[in-house]
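Here's a quick tour of one helix pair and a couple of unusual backbone angles. Have the coordinates open while you read.

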Amino acid sequence: MCKTNNFKKIILILLTALMCLSHVSCLEQESAKTGTEDSDLEESRNCEDSSDKGETNFEESAKETDTEALAETNPVTEAETENEQTETVNEDDLYLEIECVSPKEYKKQQFFFSNDGFYVNTTIPNDWTFSKVSSDVFNVIRNGKPIGTATKNDGADEQWSAVKRSETGGSSMKTVVYVEKRGTGDSLSFRYRITYAKRTEPEDILFSLCISYAEISAGTKLNLCSTSLSNRFESDPGIGILKSERAQKSILIIGNSFVNSSAIGATLRQMCQAGAKNTEITAISRGYAHVSTYTSDEYFMNEVRSGIYGIIFVCGFYSNDESASLFELERACKSVGTQLVIFPAHNEPRGCIDLAVSEHKDLVLLDWKQEIDTLIKYGVDKWDMCIDDVHLHSTPLAGFVGAHMIYRAVFGELPPRAELTAIPTSTVIQKLGKYCNTGSISYMEDGAVEFK
């Protein structure tokens, strides 16, 4: 009985243990299942995140694809953009893209106003020339082709409109520079219009240059704006500037071999004879003579002090020392009322002449040298005035010029035509032209534009 009870207890314990083990096993299985579900949930969430990201990338990719497709289906988009940009360009500024001609050399250019008695000097490209159309219009030519005009007015034209304006000039002259355009698109063109005016009230516009824009570089424009105005277009003949009764009675010319080679004394004597002037003409020529050559000659100085000469024309300024020697001659002349005149020969240095003039302000300068140089500058052949030797001695034509100067200064009139022994009168007229009748030298150079 007792054994039976023990057996039952053992069976009960075993059953209880089995039940406990079974319960633990169930709990572990449930826990494992829960972990699996959590993992699946996490994976599901990760998949959802990944899916969201994939949708965003797809949209961006789609946008890029759409843009590329649009570009492929609209191949003129770039050209249209360029056209839109072209349409917005200001045509007024397109002249800035034009490449302008740059001249290699420049030259002086005169614009004469003969009826008004003045001229304008400016500087132009060396290959520009002018062809007359009328008395107040000239074509401007380069390489045989017209590039513009010069006109005796402001050059304004209603077909042209200004896109830029600037002004330069001094106290007497002003220059106004316009950049102007005409047309549009393919017919668009540009030009410079440069007007030159006196600074007066009201403004006096003299003339204008209207030139194709491409023909005027920055340097050319600067030169065209550098102008000067001269109120004399010919030299002053100096008629009567030395007129006096004493001067008309006795004239002395002293100098070196230039006095002899030019035959100035003989020519002046024949002019006086033709003009019925009862004047004693003396010309002394000493080789290589300076002023001091005469002032150191006591015999000569005594003659001067005797008062036998009414007026003395002195050459020989070859050094600065001659100004000091001139003081001695000046004192001798003043002591007897003889007029003394500085009368430089053609080969005398300008600096020595200027010094003598500056230190002897009471003496008149009758510039024989300058008269010859001016005639040569404005058209007379140098070799008609100079002998081709080591000193370039003055010719009888140069002597005629000097005698002409003295005659009109002393007698207050132009010399009559005379039969000359040193040079035929017909040759003088051929070489000097209207100078023989006026005593004035025109400052008009070859190529000058003359407005009338």
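A residue is called exposed when its relative accessible area is over 50%, buried when under 20%, and partly exposed in between (1.4 Å probe, protein chains only). Bear in mind that this is a predicted model, with local features needing pLDDT of at least 70, side-chain atom pairs counting only at pLDDT 80 or more, and totals for chains, interfaces and linings using all residues. Residues are numbered from 1 along each chain as its sequence is written, and side-chain values use heavy atoms, with hydrogens and water left out.

Now for the backbone: two residues other than glycine have a positive phi, as listed here.

| Residue | Phi | Loop between | Relative accessibility |
|---|---|---|---|
| Asparagine 143 | near 55° | β4 (137-142) and β5 (145-151) | 60%, exposed |
| Alanine 276 | near 55° | α6 (264-274) and β12 (280-285) | 69%, exposed |

Helices (H or I, at least four residues) and strands (E, at least two) are DSSP runs, numbered from the N terminus.

On to the helix pair. The axes of α11 (residues 368-377) and α13 (residues 396-411) cross at roughly 125° and come within 10 Å. Axes here are lines fitted to C-alpha atoms over the stretch in contact, with angles from 0 to 180 degrees between N-to-C directions. The two helices are therefore oblique to each other (under 35 degrees is roughly parallel, over 145 roughly antiparallel, 65 to 115 roughly perpendicular, and the rest oblique).

On the α11 side, Trp368, Glu371, Ile372 and Leu375 meet Ala398, Gly399, Val401, Gly402, Met405 and Arg408 of α13, where contact means heavy atoms within 4.5 Å.
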